[in-house]
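Student: I'm new to this structure and would like a close look at one part of it. Could you walk me through how one chain meets its partner?

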Amino acid sequence: MPNVQKETEADLIPIFIMGKRYLVPESLTIMKAIEYAGYQFIRGCGCRGGICGACSTVYRKAGDYKIYSGLACQTVVEPNMYLTQIPFFPALRREYDYETMEPVAESIYQLYPELFRCVACNACTKICPMDVQVLDYISALKRGDLEAATRISFDCIQCGLCASRCMGELPQYHIAQLARRLHGGKLAPRAEHLRQVVESIAAGKFADVMEELKALPVDELRKLYTERELEPAMSDEQWRPSNNAGL
Amino acid sequence: MPYPPKLKELIKVVESTRAERVDRKKRGEEVPFLSLDERKEMLDHHPDFKEEGRRPLKIGPSKGYAIAHEMADLLEARSRVDPDDIDLSNPDIDTDVLVIGGGGAGTSAAILAEENGARVTMVTKLRHGDANTMMAEGGIQAASKGEKDSPYYHYLDVMGGGHFTNIPELVEALVTYAPDAIHWLEKLGCNFSKHPDGRLHTIHGGGTSRKRMHYAADITGAEIMRTIRDEARNHRNIEVIEFLPAVELILNEHGQCAGAVLYNLETQEYMIARAKAVIMATGGSGRLHIQGFMTTNHYGATFDGIVMGYRAGVEVSFLHTVQYHPTGIVFPEQAEGILITEKFRGSGANLVNIEGKQFVNEREPRDVEAASIIKECTVKGLGVPTPTGKVGIWLDSPMIDMLSGEGTVRKEFPGKYILYKRFGIDISKEPMLIYPTLHYQNGGLAFRASSATSLPGLFLAGEVSGGVHGANRLMGNSLLDIVVFGRIAGKAATAYINDSAKEGDLTLDHVRRFNKEADEAGIPSDRVSPMLLPDYTPPKIKERQLTTHYVGTVR
């Protein structure tokens, strides 16, 4: 393929965007390199901070049989890498009624029986741009361990690359999301102190004091602010303020 | 990329003063905090106070109010569409509640509206969940521990943080509904960090009098966003349409907000949505790069909702203040703008200039700290030049290991340690190069605690609104804002539909009027808004795009 650009600056390197050669500065991320090449993103670009999962990218390097993956916003270009973004990959997500669902593995098996089509090939884990041990959480779910699945899948950004590579055609990231919600809302112990506070607020405990606060002139508010007791930086759960005003 | 030789040389200067600075820190000798008068003087260097950085609006409901040029440019601009070209008689979408924006605020609103009986259509410019919500790391505030905290203390903290300029009824709503917001998220399956007995972990944030910052490891926003997005997907009467931003609000003959003109980014066609109520939840504006600043914000943070609301007659408030986080990455280039948490400074890392000298206490308030860094670089010329022509200040992270033991940086800051490691920089041995970064739009469209605006039928939630945080937002109150006001808006919009919404012919006359006002004020006619997408095409490419037509920044 002929050069579409002339090499004019020393620090430019060639990359191949969907097979087409562009010269880009060597220090750029894939995302900025694609923009440098002249593209304007609609898909394939989101938070630009490595957490939203919009910009998953797969690439190979010259003379290397391996498939690599990365987030375009986090991965620095390399000479002669050839890449494509996979901004969307279809995966079946099943609707469910969270409120009535039992927090047991069987609930997940019923919604996603394909879970057992997993052949433990580990392609999911190998492609994950976040280094999530995808196969490990799928295996944990096969064992019925929702807590482990929650922990292992916690850094998942739901980019869908795992599903794109899966021999068993699983939508891993949807399954993990379900497991995490069942764990977070139904298996993990709930915060009793939170429930109590919500109840007391609903009962109107602070209605009067808030009315008074809202009506205060700024200088009096400033005084209350300056004089408010500060919980020490190194305190633990046992710390109590010296007076109960405002509680 | 690792530090190039020139920067490695400059790091040696930092190293030469490090031992002495660590000793001073151990002895408890600090650079003195600025007095209140000195702070005021320092804030002259804050971008908010730069007179040449802003100008009074020439047209619209807040005419005369001075805000950043980048914002004024968009608020004064003309519509992307000519109302005469739009056929309103045959809407493509007909719904009860139209939610514009698919972040945390819009999603919370959609769920509550649907639960209260409405059919909901959510349109979003990018994907559902691609929003600043996703990026929030730190946490979410709420007075959840009644033995030591209450809405009373949360209220005082919010007001103090906002320099007592916040609108009291908005703050009251924020702090009073805060515990219920956390409770709702917990119930939906959000995995907050907890003690074994279920007690929520809470920590301090800047400006909190009680430890009330709840978190889910260091991805709190992502955990909240993916949980409520999953819940929204289970609701049959919520339809989500992605890559379909709104470009104008539509009113009806009774002067009520009754839909929006939408733009399919992929097929480039305009569509009409008719609704009985509209919830605007389009977020902030970091991608305007005010005064050339880099930003922590996501790709779609381009001020769109404020433009649409303003054109439809809603005033703006607190837009003259913008939050700059003092420490954003300025090198390596590919990580530019990414936030470096305050915790580094709290753990003892100094800020030092090119000469290896401290110039400010590292625990000043955010606005003061940012102003000091800017002054050191721009006025004193003691910043550190980067290979791409930017300038920064050293954040001396290796001090933390020297103060608290080898391995502390790696253990306490795993995310940032790994991020830099990928670039070949070990931040437990080499300092970080930082500069203030655009972080949060403190102001927005004016609204009330009910989430209603001066335009009947238009409700707001999240960063698009103004007044909750006054002139300065505290950490942990933006995630709270989106959930509290998102839920309020969902309920309020449904109640409005039942009580007040009327059927009537649709109109874009307000857009015609606004365009006319712009003509009369002599606003250049090639300026259009909302922006929709930022434009990062290099000028060299643009010169060769001989047949490309740009409408604003979008091709």
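Tutor: Here is a walk through the side of chain B that touches chain A, followed by a short look inside chain B. Please keep in mind that this is a predicted model.

Let's start with the extent of the meeting. In chain B, 91 residues are in contact with 80 residues of chain A. The two chains bury about 7500 Å² between them, and carbon and sulfur atoms give 54% of that area. Three residues stand out here: Tyr152(B), Phe164(B) and Arg226(B) supply 10% of the area that chain B buries against chain A, more than any other three residues.

Now for the pairings. Between chain B and chain A there are 12 salt bridges. In a salt bridge between the chains, Lys148(B) meets Glu231(A), with 3.0 Å from N to O. The count of residue pairs in polar contact is 43. Several helices of chain B give two or more residues to this side, among them H7 (168–176), H9 (220–233) and H18 (539–544). The largest share, nine residues, comes from H6(B). By class, this side of chain B has 36 nonpolar, 23 polar and 32 charged residues.

Finally, a look within chain B itself. Chain B is divided into domain 1 (5–30 + 325–435) and domain 2 (79–321 + 442–507). Between them, these domains of chain B bury about 840 Å². One salt bridge is found across their interface. Glu137(B) and Lys416(B) form a salt bridge, with their closest N and O atoms 3.6 Å apart.

Note on methods
Residues are numbered from 1 along each chain as its sequence is written. Chains are lettered from A and ligands numbered from 1 in the order in which they are written. This is a predicted model: local features need pLDDT of at least 70, side-chain atom pairs count only at pLDDT 80 or more; totals for chains, interfaces and linings use all residues. Side-chain values use heavy atoms; hydrogens and water are left out. Domain bounds come from an automatic or database domain assignment. Buried area is the accessible area (1.4 Å probe) that two parts lose on being put together, summed over both. A salt bridge is a side-chain nitrogen of Lys or Arg within 4 Å of a carboxyl oxygen of Asp or Glu. Contact means heavy atoms within 4.5 Å. A polar contact is a pair of N or O atoms within 3.5 Å; within protein, one must be able to donate a hydrogen and the other to accept it, and residues adjacent in sequence count only if both atoms are side-chain atoms. Helices (H or I, at least four residues) and strands (E, at least two) are DSSP runs, numbered from the N terminus. Ala, Val, Leu, Ile, Met, Phe, Trp, Tyr, Cys and Pro count as nonpolar, Asp, Glu, Lys and Arg as charged, and the others, Gly among them, as polar.
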